[in-house]
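Subject: Structure handover

Dear colleague,

Please find the structure below, handed over for your use. A summary of what was found in it follows.

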Amino acid sequence: MIFSRVIGTGSIVPGAPVSNDDLVARGVETSDAWVSERTGIRFRHLADKGVSTSDLATEAARRALEAAGLRPADIDLVIVATTTPDMVFPSTACLVQSALGVPAGAPAFDVQAVCSGFVYALTIADKFLRSGSHKRALIIGAETLSRILDWSDRSTCVLFGDGAGAVVLEAGDTPGILASALHADGTQHGILSVPSHPEGGSLVGCPFIRMDGQAVFKFAVRVLADVAREVLEQAALPLEQLDWLLPHQANVRILQGTAKRLGLSEENVIVTVDRHGNTSAASVPLALDVAVREGRILPGQTVLLEGVGGGFTWGAVLLRI
Ligand code: ACO
């Protein structure tokens, strides 16, 4: 039987941390107290003009390859999860393939599931590897979300940041990914969106994130708890044997609410939203890499990755590191 396993992680955030007070200094009508109390966010990173999503994705992938002790030539599948691609096309994954020097001929494509994108991409890659068609995949979540923020809308602009995270997934005999589940409910497309498209040389509609914060909050806590139970049940792993819950880093209160609903101690939840804000598709692999490199997530431990985002989409991947 073929399994897939994460054998290396990498990440990058652009530039220096930008604090809540820095946003106030830049003219956003908010306060450190409001943002940190309601969301737990203290810092985020914002890409300078000229830094693209594919630049961040390529660097995160390079670091994941280094951690895995592999070269770009060893990779035969590239998937990038992003909502902020460099271009309408070609895909960011093709740009990364070229920048890294992953051999031509390997499939490379983007996945668009907003903040669930990485969990979607990892699940897709797991299925490729388990089928025996591919051996080593680069799965990347990367965003320059600051490009789609309306800096005059304080209810959204304080929440998000830029960054990228990546994993190398390898096929082999040892189980790594133990279970996964993906879901979507398109009837909820209106509660979180960037409702615009290019047409005739300009953008039609609003090019910024629009969100019903309270509706998103309630939806996220419910589905994150449900999908966690679903994958634990699939793998027949009792909650007590789960070492880490690593949910999409949107808001510390969503993470606390999910842990509470599951009956899991907050000590078992990986939190990095305080330093990165919500980096959408990058948030899960970024938090994973930070926790691995800080020695919190250790080899042999079980980790439950969870995504939730626009669409609405959600999903989870349970893995042994
Ligand atoms: N600074 C100061 N005041 C603010 C700010 C701000 N940045 N933003 C809103 N306010 C004000 C509002 O104007 C309002 O003032 P009013 O009472 O005078 O009208 C007041 O704060 C309360 O606004 P609400 O929107 O009701 O605040 P709420 O308690 O719902 O918190 C928040 C808003 C933090 C966005 C919350 O709804 C939330 O966390 N939602 C989840 C959304 C989320 O995390 N989205 C991420 C993307 S989705 C995803 O990744 C899954």
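A polar contact here is a pair of N or O atoms within 3.5 Å. By that cut-off, a nitrogen atom of the ligand makes a contact with R154, lying 2.9 Å from a polar backbone atom of that residue. Please note that the model is a predicted one.

Ligand site

Two further contacts involve side chains. An oxygen atom of the ligand is 2.5 Å from an N or O atom in the side chain of R38, and an oxygen atom of the ligand is 2.9 Å from an N or O atom in the side chain of N278. The ligand taken alone exposes 1000 Å², of which the protein buries 73%. Three elements each give two or more residues to the surrounding shell: α2 (32-39), α6 (154-157) and α7 (213-234). Of these, α7 provides the largest share, with 4 residues.

In total, 22 residues surround the ligand, and the closest are T30, R38, R154, H248 and N251. Sorted by class, the shell comprises 11 nonpolar, 8 polar and 3 charged residues. Where does the ligand lie with respect to domain 1 and domain 2? It lies between them, because domain 1 (3-174) and domain 2 (178-320) both give residues to the shell.

Backbone geometry

Most residues other than glycine have a negative phi, and most peptide bonds are trans. Several places in this model depart from that pattern and may be of interest to you.

The peptide bond from F89 to P90 is cis, with omega near 0°; P90 sits in the loop between β4 (77-81) and α4 (92-100). The bond from G311 to F312 is also cis, with omega near -5°, and F312 belongs to the loop between β14 and β15 (313-320).

V114, although not a glycine, has a positive phi of about 50°. This residue is in the loop between β5 (108-111) and α5 (117-131) and counts as partly exposed, because its relative accessibility is 22%. S280, likewise not a glycine, has a positive phi of about 50°. S280 is placed in the loop between α9 (273-276) and α10 (283-293) and is buried, with a relative accessible area of 1%.

Other residues

T302, in strand β14 (residues 302-309), is buried at a relative accessible area of 1%. A polar atom of the T302 side chain lies 3.0 Å from the backbone oxygen of Q241.

As to cysteines, the structure holds 0 disulfides. C206 is in no disulfide, and the nearest cysteine sulfur, that of C157, is 13 Å away.

With kind regards

Key: Residues numbered from 1 in each chain as written. Predicted model: local features only at pLDDT ≥ 70, side-chain atom pairs only at ≥ 80, totals over all residues. Heavy atoms only, no water. Disulfide = S-S within 2.5 Å. Near = heavy atom within 4 Å. Polar contact = N/O pair within 3.5 Å; in protein donor to acceptor, adjacent residues only side chain to side chain. Areas by Shrake-Rupley, 256 points an atom, 1.4 Å probe, with all protein chains shown as cover. Nonpolar A, V, L, I, M, F, W, Y, C, P; charged D, E, K, R; others polar. Domains from an automatic or database assignment. Buried < 20%, exposed > 50% of the residue type's maximum accessible area, 1.4 Å probe, protein only.
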